[in-house]
Amino acid sequence: MLTDKVDHRTVRSAIELASHAPSVHNGQPWHWTIGRRVVHLNADLTRWLPATDADGRDLTVSCGAALHHVRVALAAMGIQAVVHRIPNPGEPDRLATLELTPGRTTEADLELAGAITSRRTDRRPFSDWQIPGDSRRRLGDAAVGQGAIPRAAVLEAIREAEAQQKDLPGYGTELAMWTGRRAGDDGVPAANLLYARTTGIPASRDFPEGDIGPYPLGRQDGAELAVLGTASDDTLSRLRAGEALSAVLLTATSLGLAACPLSQPLEIGVTRRTLRDDVLSGTLCPQIVLRLGWSPIGSPLPATPRRSFADIATVEHDY
């Protein structure tokens with residue numbers, strides 16, 4: 001399909017669709033500014049979690065996921081986006097500027113966009129079915145296409161990060177404020193958390209008790225772990241890692257796979273170095289860990305809440 005104009009309502013719809021991107025604690029730390037045939041992505045520092053995310057890595061990766069989501073949504077709606085990442089070093093909160101022009105929609109665009117609203121962060125134990133080789137290749141290609149490289153990961157760094165974060169001042173408060181919610185337009189609802197911590201699952205955090213389950217004690221998780229790494233560890237690399245995360249998650253969803261991002265082992269210096277040196281052999285900077293596999297048979301997960309368009313966007317110029 002070829003559009004003949006860039007319509008403001010279409011851009012708004014794309015941003016609303018992109019708001020379904022994953023983010024740490026579902027904080028949705030982004031803000032969009034819409035001008036004439038241009039959209040700016042800004043980090044919303046009022047949603048930064050300094051105890052959990054001291055160096056702002058999670059915030060930037062989350063914004064990168066939203067950036068890829070909006071690119072996918074725009075492409076599916078017939079709009080091409082030329083992306084300028086970190087366009088002005090003097091404005092560190094402005095992470096990207098997208099120049100919009102009419103474009104063509106492909107079947108691949110529609111497939112990825114169709115996965116946006118059905119994607120879920122699945123914290124349940126996965127089945128022990130293997131991921132087919134062709135699916136592995138597609139997931140790897142999705143990551144590489146956005147500037148990141150997937151590698152195998154280890155569990156020890158996840159466990160060590162959890163043990164260290166429990167003693168950080170303010171960490172427990174942030175976790176309690178943002179997870180286990182019963183109402184609201186952000187945060188992680190109780191409906192998306194496990195009834196009780198299930199042994200055998202390399203969950204990223206000791207979340208509060210939720211509504212999913214309970215699962216039998218001792219049930220082992222069949223998920224495979226992967227880590228997305230980049231050549232550097234600056235803001236641009238973290239932004240690209242978020243885009244790669246989005247590409248992998250949407251590809252996994254389109255393949256019928258389940259996924260759960262794990263940011264916790266990257267939030268602690270010692271475990272981040274363990275992943276860099278022992279898992280990636282010092283060749284890449286780790287940015288995010290992923291659980292991938294097949295969901296257990298059972299009820300589908302509900303969608304997590306989303307902030308309104310008025311909360312996440314400013315319109316400076318109508319088309």
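Two strands count as paired when DSSP finds at least two bridges between them. With five bridges to strand β10 (residues 285-293), β9 clears that bar. The model shown in these views is predicted.

**Figure 1. The whole chain, to get your bearings before the close-ups.** The protein chain has 319 residues, 55% of them buried. Its secondary structure adds up to nine helices and eleven strands. Take the contacts between residues at least 6 apart in sequence: 76% of them link residues at least 24 apart. The structure also contains three cavities of 30 Å³ or more.

**Figure 2. Here's the open antiparallel sheet, four strands in the order β5-β8-β10-β9.** At its edges sit β5 (149-152) and β9 (258-262), and each has a single partner strand, so one side of each has no neighbour in the sheet. Ignoring direction, neighbouring strands are turned by 30° against each other on average. Going across the sheet, β5 and β8 pair in the antiparallel sense through four bridges, with I149 opposite G229 of β8. Seven bridges then tie β8 to β10, again antiparallel; here A226 has L290 in β10 as its bridge partner. Last comes the antiparallel pair of β9 and β10 with its five bridges, where A259 is matched with L292 of β10.

**Figure 3. Two helices, α7 and α8, pack on the four-stranded sheet.** Helix α7 (residues 235-254) touches β8 (224-230), β9 and β10, and its direction is about 10° from that of β10. Helix α8 (residues 269-279) touches β5, β8 and β10, but its direction makes about 85° with that of β10. Both helices have β8 among their contacts. Six of the seven residues in β8 are buried, so this strand is largely enclosed by the rest of the structure.

**Figure 4. Zooming in on T271, a residue of helix α8.** Is T271 buried or exposed? T271 is buried, because its relative accessible area is 1%, under the 20% cut-off for a buried residue. Leaving out residues up to four places away in sequence, T271 touches A157, E160, A161 and P265. R159 belongs in this view as well: 112 residues separate T271 from R159 along the chain, yet their C-alpha atoms are 9.1 Å apart.

**Figure 5. The other sheet in these views is open too, with five strands in the order β3-β4-β2-β1-β11 and mixed pairing.** The edge strands are β3 (79-85) and β11 (313-315); each has a single partner strand, so one side of each is left without a neighbour in the sheet. Neighbouring strands are turned by 20° against each other on average, direction ignored. For a parallel pair, look at β1 and β11, which are joined over three bridges. In that pair, W32 has A313 of β11 as its bridge partner. Helix α7 turns up again in this view: α7 lies across β3 and β4 (94-102) and runs at about 150° to β3.

**Figure 6. A loop residue, S19, between α1 (8-18) and β1 (30-35).** Although S19 is in a loop, its relative accessible area is 4%, so S19 counts as buried. What does S19 touch, if you skip residues up to four places away in sequence? The contacts are Q28, W30, R306 and I312.

**Figure 7. A look into the largest cavity, with about 490 Å³ of space inside.** Its lining takes in 31 residues, and the ones closest to the cavity centre are P22, S23, V24, T121 and R123. Three elements, α2 (57-76), β9 and β10, each give two or more residues to the lining. By residue class, the lining has 14 nonpolar, eleven polar and six charged residues.

**Figure 8. The second largest cavity holds about 40 Å³ of space.** Which residues line the second largest cavity? They are V24, G27, P29, R47, W48, L49, D53, D58 and L59. Five of these lining residues are nonpolar, one is polar and three are charged. V24 is worth picking out, since V24 lines this cavity and is also one of the residues closest to the centre of the largest cavity.

Conventions. Residues numbered from 1 in each chain as written. Predicted model: local features only at pLDDT ≥ 70, side-chain atom pairs only at ≥ 80, totals over all residues. Heavy atoms only, no water. Axes fitted to C-alpha atoms, helices over the stretch in contact; angles between N-to-C directions. Contact = heavy atoms within 4.5 Å. 1 Å grid on protein atoms, 1.4 Å probe; cavity = no way out; pocket = protein on both sides within 12 Å on 5 of 7 lines; lining within 4 Å. Points joined across faces, edges and corners; volume = space filled by probe spheres on them. Nonpolar A, V, L, I, M, F, W, Y, C, P; charged D, E, K, R; others polar. Buried < 20%, exposed > 50% of the residue type's maximum accessible area, 1.4 Å probe, protein only.
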